[in-house]
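Work through the exercises below with the model open. Each task is followed by a worked solution.

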Amino acid sequence: MTSATGARVIVAGAGVTGLTVALALAKAGARVTVCDPAPLGRNASGVAAGMLAPAFETALDPLAAGHFALLKEGRDLWPALADEIGIVLDRSGAVARGDAAWLANVSWRLGAVGAEHIVTDDGVFSPEDWRLDSGTALVALRDAAGRQGVTFVQRDLRWLTGESSGIRAGIYDDEAEGALCDVVVQATGWAGGFAPEAAHLTPIKGHILKLAPLIPPGPVIRGDGIYLCPNADALIVGATMEAGVGDAHIDPGQVMALRAAGARLLPEVARASANVEVGVRATTPDGLPLVGRSALPGLILASGLRRNGWLLAPLVAEMVAACVLGRDPGPWAHLFDPRRFDTPET
Ligand SMILES: Cc1cc2nc3c(=O)[nH]c(=O)nc-3n(C[C@H](O)[C@H](O)[C@H](O)COP(=O)(O)OP(=O)(O)OC[C@H]3O[C@@H](n4cnc5c(N)ncnc54)[C@H](O)[C@@H]3O)c2cc1C
């Protein structure tokens, strides 16, 4: 990577996006500060199931249809990142279960995009989908960034002003102490946001259940609108997609519906005690993120990762680093252009 030695960068947001971006930029020689008012993991990244699932996301999520190659590229950057930060990826794949007509449709969709899969008596299995433990990975990312010299401030970022000698962005109580930097990266997920392009983000609230490990570790089990992740230490049941809802309160009606859907795949889910967690994803109208330069000078966006923030984080980090370094951000940049929803001036 070309050197960015000396560039002063503030990354707003310590979710998977902000941490992965900070690590990439620090490795390129930038002086990086990450600010976030919340404790580590108190965000969508911390509650996520951690699936790196190009195959079944493409097959089951209408907004991901057609993006298998993109999602797979994000997944394929994970082995190197996982080695670097010292985490293990679970590569046991995923299996879809449901009625014959639904399975036939899933199999057809996987085949249409060229995703490796096999139809068995147990359902439709694909080895393409991997997963990680999101809590462990967040700690590992923060530690790896710290080893590269990234500093952390537990404050929110306030955009103060752009100046000819740099941007003044406030991360302290006294605005006069706002840190002067060259670039701000907005990786604030759904909450917060100073970029005008963030007006195109809307929330999708998600409830997720974490149960005792009722079944042995193995492939993720996907049903219609539901998944079970059988991890060694927990069975994760996810997740609701509550479009337009941005609060983090637990809604008993959503929990009941999620549990009922999970029980269709595994009856024991109906009565097992559960930790309920809530996260809010940010989405754009086309379901793809906002990554690249804002109309506001000095501001780079890395927001709106919707259902696939973990999967896409290393790819987004590469793209943001390329923007900071003035390099080609690669073939996906036009799809993620933060200004793509702007109305052309007449
Ligand atoms: C229930 C659920 C399950 C999911 N499962 C998966 C999955 O299996 N695989 C997958 O790839 N994705 C999954 N996702 C999606 C994924 O979690 C998100 O896309 C991803 O976490 C987005 O990361 P982020 O860092 O952009 O945002 P967040 O994780 O939301 O982090 C944003 C951070 O910005 C901080 N912030 C806000 N305002 C400011 C400010 N002004 N200054 C500084 N900091 C600020 C917040 O405190 C927060 O910590 C899931 C999401 C949910 C809710």
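**Exercise 1: the sheet**

In this predicted model, find the strand order of the six-stranded open sheet, then identify its edges.

Solution.
- Step 1. The six strands follow the order 8-2-1-12-20-19, and their pairing is mixed.
- Step 2. Strand 8 (151–153) and strand 19 (290–293) each have a single partner strand, so they stand at the edges, and one side of each lacks a neighbour in the sheet.
- Step 3. From one strand to the next, the twist averages 20°.

**Exercise 2: one strand pair**

How do strand 1 and strand 12 run, and how many bridges join them?

Solution.
- Step 1. Strand 1 (residues 8–12) and strand 12 (residues 183–186) run parallel, joined by four bridges.
- Step 2. Take isoleucine 10: its bridge partner in strand 12 is valine 184.

**Exercise 3: helices on the sheet**

Which strands does helix 1 lie across, and which does helix 9 lie across?

Solution.
- Step 1. Helix 1 lies across strands 1, 2 (31–35), 12 and 20 (299–303), at about 170° to strand 2.
- Step 2. Helix 9 (residues 309–325) lies across strands 1, 12, 19 and 20, at about 10° to strand 19.

**Exercise 4: a helix pair**

Classify the packing of helix 1 against helix 7.

Solution.
- Step 1. Helix 1 (residues 16–27) and helix 7 (residues 134–147) pack at about 25°, with axes 9 Å apart.
- Step 2. Angles under 35 degrees count as roughly parallel, and the two helices are therefore roughly parallel to each other.
- Step 3. The crossing is left-handed.
- Step 4. Contact residues include Leu19 and Leu23 of helix 1 and Leu138 and Arg142 of helix 7.
- Step 5. By type, the contact has nine nonpolar residues, one polar and one charged.

Conventions: Residues numbered from 1 in each chain as written. Predicted model: local features only at pLDDT ≥ 70, side-chain atom pairs only at ≥ 80, totals over all residues. Axes fitted to C-alpha atoms, helices over the stretch in contact; angles between N-to-C directions. Parallel < 35°, antiparallel > 145°, perpendicular 65-115°, else oblique. Left-handed = near helix turned anticlockwise from the far one by under 90°. Contact = placed C-beta atoms within 7 Å. Nonpolar A, V, L, I, M, F, W, Y, C, P; charged D, E, K, R; others polar. Pairing = 2+ DSSP bridges.
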